[in-house]
Amino acid sequence: LIDMVRSDLHNLDRKKVNALIIIDVHARDIIDVFVRDSVLDSREFAWESQLRFLWDQMVDDIIIYQCTGQFRYGYEYMGLNGRLVITALTDRCYMTLTTALTY
């Protein structure tokens, strides 16, 4: 990805690669925190608070999980806009929204 972003890309392709890099860096940072804090159980809050997308064969659809929230994926397409950097604050915003939608 790094080599791709340094090459001569069309504007839309550059946006796609940048979004993939941002998501990959965030995933790497989360794994680093899990290793540092010895998160070993999927029932720990550090894991439960992550936004997770899983295929559920029973409903034949993607289910989004975070904390106590469970939602069917909506397949909404928002276009190829610039991707914001994912921070602890954006993680908390997603957690607040998914928790609020649960109750």
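# Aromatic pairs, a hairpin and three loop residues

Let me open with the rings. The count of aromatic pairs comes to three. One of them joins Tyr 73 and Tyr 75. Their ring centres are 4.8 Å apart, the planes meet at 80 degrees, and the pair is edge-to-face. The angle cut-off for that class is over 60 degrees, so 80 degrees qualifies. Ring pairs also bring in Phe 53, giving a cluster of Phe 53, Tyr 73 and Tyr 75.

A caution before I go on: this is a predicted model.

How exposed are the two tyrosines? Tyr 73 has a relative accessible area of 27%, so it is partly exposed. Tyr 75 is at 48% and is partly exposed as well. The upper limit of that class is 50%, so Tyr 75 at 48% does not count as exposed.

Stay with Tyr 75 for a moment. Its backbone has a positive phi, near 55 degrees, and Tyr 75 is not a glycine. For background, most residues other than glycine have a negative phi. Where does Tyr 75 sit? It lies in the loop between strand S3 and helix H4, which covers 88–102.

Now the overall layout. The protein chain has four helices and three strands. Read from the N terminus, the order is α-α-α-β-β-β-α. The chain holds 103 residues, and 21% of them are buried. Its C-alpha trace spans about 45 × 35 × 25 Å along the principal axes. About 8200 Å² of surface is exposed, with 61% of that from carbon and sulfur atoms. Take the contacts with a separation of 6 or more: 33% of them are between residues 24 or more positions apart. On charges, there are 11 positive and 15 negative, and their mean positions are 5 Å apart.

Next, the hairpin. Strand S2 runs over residues 61–66, and strand S3 over residues 69–72. They pair in the antiparallel sense, with four bridges. Which residue of S3 is the bridge partner of Ile 64? That is Phe 71. Two residues separate the strands in this hairpin. Cys 67 is in the turn, and its phi is positive, about 50 degrees.

There is another positive phi to report. Ser 38, again not a glycine, has a phi of about 55 degrees. Ser 38 is in the loop that links helix H2 (11–36) to helix H3 (45–48). Is Ser 38 buried or partly exposed? Its relative accessibility is 46%, so Ser 38 counts as partly exposed.

Last stop, Gln 50. This residue is in the loop between H3 and strand S1 (52–56). Why does Gln 50 count as buried? Because its relative accessibility is 16%, and the cut-off is under 20%. What does Gln 50 touch, leaving out residues up to four places away in sequence? The list is His 26, Ile 30, Phe 34, Tyr 65 and Gln 66. His 26, Ile 30 and Phe 34 fall within the 11–36 range of H2. Tyr 65 and Gln 66 fall within the 61–66 range of S2. So, by relative accessibility, Gln 50 is a buried loop residue, while Ser 38 is a partly exposed one.

Conventions. Residues are numbered from 1 along each chain as its sequence is written. This is a predicted model: local features need pLDDT of at least 70, side-chain atom pairs count only at pLDDT 80 or more; totals for chains, interfaces and linings use all residues. Side-chain values use heavy atoms; hydrogens and water are left out. Two strands pair if DSSP finds at least two bridges between them. Rings of Phe, Tyr and Trp (its six-membered ring) pair if their centres lie within 6.5 Å; planes under 30 degrees apart count as stacked, over 60 as edge-to-face and the rest as tilted. Buried means under 20% relative accessible area, exposed over 50%, partly exposed in between (1.4 Å probe, protein chains only). Contact means heavy atoms within 4.5 Å. Accessible areas come from the Shrake-Rupley method with a 1.4 Å probe; for residues, only the protein chains shown count as cover. Lys and Arg count as positive and Asp and Glu as negative; His and the chain ends are not counted. The place of a charge is taken as NZ of Lys, CZ of Arg, CG of Asp or CD of Glu.
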